Amino acid sequence: MVTDELIAKISSTYPELEIENGLVSIHPLGNDGKVVVYPQTEEEIASVLRFANENQNSVVVMAGGSKRGCGGLEESAEILLSLEKYKGIVEHTLGDMTLTVKAGTPYKEIQNYIAGFNQKIPLDPYALEYATIGGVVSANDSGPKRLGYGSARDSVIGMRIVYPDGTVIRTGGKTVKNVAGYDFNKLFIGSMGTLGVITEITLKLRPLQKYESLVLVTFPDGNPEEIYSFSVTFLNTVMEPTALELLSPALSEKLTGHSCFTLAVCFEDVESAVRYQVEFIEKLKPDTSGFSVLHQESARAFWNLLTKIPPNGAVEYTGPETRASVKIGVKNLDVIKVMKESHLLQDRYNLDIEAHGGLGHGIARIYLNGASDDVMNAIGILRTFAEKLGGYAVLTHLPLVLRRQIDVWGPKPAYSFLFDGIKSKIDPKRILNPKRFVGGI
Amino acid sequence: MGLPELEQNRPCNSAGLGNYLWNDPPKEYKWADCVHCGLCLEACPTYEQLGQEQHSPRGRVHLIKSVAEGKLQVNEAFADPVFQCLDCRACTTACPASVDVGGLIEEARGQVRQAMPLSGWKAMASKFLLETLFPHHERLEAAGGLLKFYQKSGLQKVVRKTGLINIMPDHLIEMESIMPEVKTSVRKKYKDINVIKAKEKTKRQVAMLTGCIMDVMFSDVNQATINVLTRNGNDVLIPKNQTCCGALHVHAGDREMGRKLAKQNIEAFESSEKVIVNAAGCGCMLKEYPELFHEEPEWYERAQEFSAKVEDIAKYLYDTGYEIPKAELKTRITYHDACHLAHGQGIREEPRDLLLHIPGVEMVSMPNADRCCGSAGVYNLTHPEMASAVLESKMTHIPEDVEMISMGNPGCMLQMAVGVQKYGRNQRVVHTIQLLDWAYQKEEVQGGKNHGTK
Amino acid sequence: MARNKLDTNDPHILHLAKLVSGPNAILYKQEDLLAYDCDGFTIERHLPRAVVFPNNTEEVAKIVKFCSENKLPFLARGAGTGLSGGAVPLNNEIIISLVRMKRLLEVDFENRRAVVEPGYVNLKLTNSIADKGYYYAPDPSSQYACTIGGNVAENAGGAHCLKYGVTTNHILGLEVVLPNGDVMEISPNGIADFPGYDLLGLLTGSEGTLGIVTKITVRILKNPEAKQTVLAYFDRVQDGSQAVSNIISAGIVPAALEMMDKVAIEGVEAAAFPVGHPKDIAAVLLIEVDGIAAGIDEQIQLILDVCKKSHVREVKVAEDEAERARWWANRKTGFGAMGAISPDYLVQDGVIPRSKLPEVLERIHKISEESGLRIANIFHAGDGNLHPLVLFDSRVPGDTEKAIRAGSACLKACADAGGSITGEHGVGIEKKEEMRFVFNDDEIKAQTDIRDVFNPDRLLNAGKLFPTPSRCAEMKQELKRPEHAK
């Protein structure tokens, strides 16, 4: 009833806008909308926001939907602003190695396009089949190669953002270096769409690596000390891995067939430099460790497979078990401890737990699968564990009912009043992605 | 840019000079090159200690300029930063535009001393040192006065140390034993000799500045210098009429006395082709004599001619060639760049090269080797706190595992000896040229015994 | 601790003096303050109310709290090498000098991070970890003197940020004193992606308007196995620019790619670190490649080939570390070296998409001709960061104004080419009006809104970074006043 009125109101104000009733089926992960709008221009996006702002309608922003299970406490907002149809490459300047794209453009589409010019966005997020660039940036998603290339905050150089009142602002620019005014890109990266709707993103690109190899060093004894000491020795050399990812035995078995802790080490450079590094690490590895190498296409296939492991909101899941994904941040080498802990939790709670984490950047991902109580208990343990190490745990994927039982982002930091202040300045009526972010923002 | 403007010889109270009311003010062309970039900050030992702009080269230049702009008086607030400067010249090395901060400071000190003459014990001490003592060689030799001067700063023990053999490895004591005992100054020793002839064939003739402190406190260094010069075919002349170089006076702002001494030296060395100096501070001063005569064109020219003849001993040997000794010294040393050698005269590689060519000398490099040791003429008397803070910082960089610290300036030798003593280190402080001399002497001794002993 | 006797009745000064320990921890007499009337940007000068020298975070917090409670304007200062006037006390501020907070607190090689106080000098960090084979990547030309706290405030760049990024890419954690005196630890332990808005990113480059950083966790990197540096001379600037684009397009990410034009070459050759560049060439490129030794030769060969195809006159690879160091000293002291050919210079910091180099350089050349002032160009060509150095003589009446106008015109040229008005020096006082070249009123308001969240009373470093309210806003104010007066 209310929905029909809303649709009628929006349609009469913006007759061109594609709009549909969202209540046909409510998604089990929530973050849905009673009305779904599919703007195709920035003006339309601004119009929808202006409308929502004036009418105090809550708005959820989404495109591919792979991050639907991350944060948010409502089944449905008034309006689901879908950027699925706001896509395309705006500008690609080959010589400048910069690219401007619309936020709803699927990540994979972009990578495929610029690969034709021997360039790449140096980010390796998850759920590549579904993720859009806007989602990757808004959720600050990053993968194992963050060690070599950094995360979204290191690659995004400019954006266009629509504020809740419909104002369009530009942040950054088209140059790889820019310190005019505050570094506003940073404010919106990882803000989970709670401040504005990102419509365009300009990224700095890297040349596509000339050669790529993946080294797998296994640790059959599973001794964390041994992993630690090898990693420290290796990191203290002049080798330049772009990923140094520790895989839990369960995940390693799935990806490599070896059921033991395995280090996945990626080298990307000219072929001679890659081969030199592969030989180097082979000589350095402990005697008890297994060693195998994947080159080029097979290395890429491995990483591709890894991006498909985490549960994601865009894939329909009807199974009986609860699936959760946890992102843990700790000091780089503490990832080893986190991996060990996640491995031990499997037995304790009778869960399937697959985990991996970067020893050069300190971000670990843990995927849990099992009865919901067990999952929640294990999450509790992991969070306490991470916090004891001075880090944090964020639940990047969890069913709605469980999100209502636990704080997805963990405890509020002492400076969260600044978050509130920022939110209040930009979105005073709190219409954008309400309660989806830290401290109930 | 950069050319001294002799026509700047204006009346004393020229409006263009702001609050500089006396002759010989800091020169505008010197500060005009400063763009306030701040690259000098970390080079400055006083900024390192105090962290305050007015005690940095850039800050001092800014203040010197401010006086000219009429924003600041020549008063205590101006005098403090200007006199707190060690005059180490490290800033000039660091400066991308080679701003002559040292020159500006000296000129500014000249203004300060004329604006506010010293009074009380400071005046007496200064007068005693600068007017009564240093210019008069015979008085300096009366060690009593000198000891008084050193007692004041606790240097007494150290002075002895530099002349004594203590805590030295056996083979060094052995080496010491082959050295001639020099107690009298070389000026006294050679007072009746016109030219000290080269040991073998004469290739060149040089005149030597004996220096005031050097010749009394470190007469063995002067002797070593003569030995090395004569060994390498130089006839050495010690002009009788020479006097103190005046560096201490100029550093203290007494430019008038500085000019007086400079004139005397210019005349004393008039007939010499080359003036060899083994004290970096003196050498630097001699090379900068023209700076004192911006307002006396005739002397400016004579000073330029004179300064072109001045050369540091290490650089002279490096340039003209010398015999590499054959005997091995077997010692580990480190080298300290005297400010007025490295920053003041740009001489860094030559003494190192000389040391490295002595067989058996192993050189351990000293981090921040060209950082001031805090001696800076009489600075350690006028600013004892700062001097000892700078020294402390210097001592942390001296490698533990060396037997000797070599350098090319007597002021540094005294200060470093204080450091060695104060921080319980056991290095011996030596002049670069001494090492070369010892190697020659050892060679001669060995040459004589060669068959019998081995 | 020695407490110096104060010769003042000013209650604020007397109170402030009690908040800081150590000798000479406060300056308040006009003669002592004179040296603090500007930083590396000398065109605008203002005396501070006082300068205080805190020794630790607690003292900073106390000073800030006192200033905040008594509505006293204040700002933080490091080495004062900033080139946009960020540390100039426009409003008679109390300067909080952080130079006594210069300790290296911790180095954690295993996790590749170091914790420093804000007054710690950039190059000292690299020097103190060099023996273990590590370094701190951001290397602004002033790295001999500038502090890491200042680097954070300005989001400093440097010659090697083409490959390794600028300061913000290397800051892992900050302890910050907010303008109300609260002390906050952002991203404790330097752990990545702490939940919440990216305050780390926002604070870095905020030019000291959001808070005062008192502790910094930075990323340290392992020295590359090998480095090679190439020097290439071009007879035409266009050829040099083309070579820059071609090198990047060939899939090489050089660690540095620097360029100097003819006037700049004249300057560096006349100054303290000449290397003997031919006087008659139009442009010199300095290209550095680093990484795994086994792969370097291939890249160097590629660079040499590209240069040759771009009509290079002469191209050579540094023979040893000494030669490489000489080339870099010549380049890094380039700004100050202008002192040797001009009494004053004004350095600009425009940034453009790399491909626009030839056209923007041409426009700068025209600006030089029109203004009658020489403009030297020293720049980070690889990331399109231009440093036009406008040479002038402040003693010549009208010259300073002319230089400022020429500098501004250079920035306009950059903005028009799709670039920005500053790549690494910051906006400060110098370029706040030029902010309008790149941002509209909404965008500027969006930023000042965020400033007001942190700095609601605008006591901290006010009057910087943003243009004075726009013309029409001013007009409205003007119109209101007489009405109100009635």
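Is F184(A) buried or exposed? In this predicted model, F184(A) is buried, with a relative accessible area of 3%. Its partner in the discussion below, F188(A), also counts as buried, at 1% relative accessibility. Both residues belong to helix α7 of chain A, which covers residues 184-188. Because F184(A) and F188(A) are four residues apart in this helix, about one helical turn separates them.

Aromatic rings are a good theme to follow from here. A search of the whole structure finds 21 aromatic pairs over all chains. In one of them, the ring centres of F184(A) and F188(A) lie 5.9 Å apart and the ring planes meet at 70°, so this pair is edge-to-face. The cut-off behind that label is an angle of over 60 degrees between the planes. Y415(A) and F419(A) also form an edge-to-face pair, with 5.7 Å from centre to centre and 85° between the planes. Y415(A) and F419(A) are both buried. They belong to an aromatic cluster together with W409(A), F437(A) and Y197(C), so readers tracing this cluster in the structure will meet residues of chain A and chain C.

Rings can also be found beneath charged groups in chain A. The charged end of K85(A) sits over the ring of Y38(A), at 4.9 Å from the ring centre. Likewise, K102(A) places its charged end over the ring of Y86(A), 5.1 Å from the centre of that ring.

The surface offers another view of chain A. Here I89(A), L94(A), Y113(A) and F117(A) form a nonpolar patch, and their accessible area together is about 330 Å². One member of the patch, I89(A), lies in strand β5, which runs over residues 89-93 of chain A. With a relative accessible area of 33%, I89(A) is partly exposed.

How do the chains meet? Two pairs of chains touch, and the most contacts are between chains A and C. Chain A and chain B, by contrast, do not touch, and their nearest C-alpha atoms are 20 Å apart.

Chain B can be described as a whole. It contains 25 helices and nine strands. Of its 454 residues, 60% are buried. Among contacts in chain B with a separation of 6 or more, 78% join residues 24 or more positions apart. Chain B exposes about 17800 Å², and carbon and sulfur atoms supply 51% of this area.

Methods:
Residues numbered from 1 in each chain as written. Chains lettered and ligands numbered in written order. Predicted model: local features only at pLDDT ≥ 70, side-chain atom pairs only at ≥ 80, totals over all residues. Heavy atoms only, no water. Patch = residues over 30% accessible without salt bridge, like charges linked within 9 Å, V, L, I, M, F, W, Y side chains within 5 Å. Areas by Shrake-Rupley, 256 points an atom, 1.4 Å probe, with all protein chains shown as cover. Salt bridge = Lys/Arg side-chain N within 4 Å of Asp/Glu carboxyl O. Helix = DSSP H or I, 4+ residues; strand = E, 2+ residues; numbered from the N terminus. Buried < 20%, exposed > 50% of the residue type's maximum accessible area, 1.4 Å probe, protein only. Phe/Tyr/Trp six-rings, centres within 6.5 Å; stacked < 30°, edge-to-face > 60°. Lys NZ or Arg CZ within 6 Å of the ring centre and 35° of its normal. Contact = heavy atoms within 4.5 Å.
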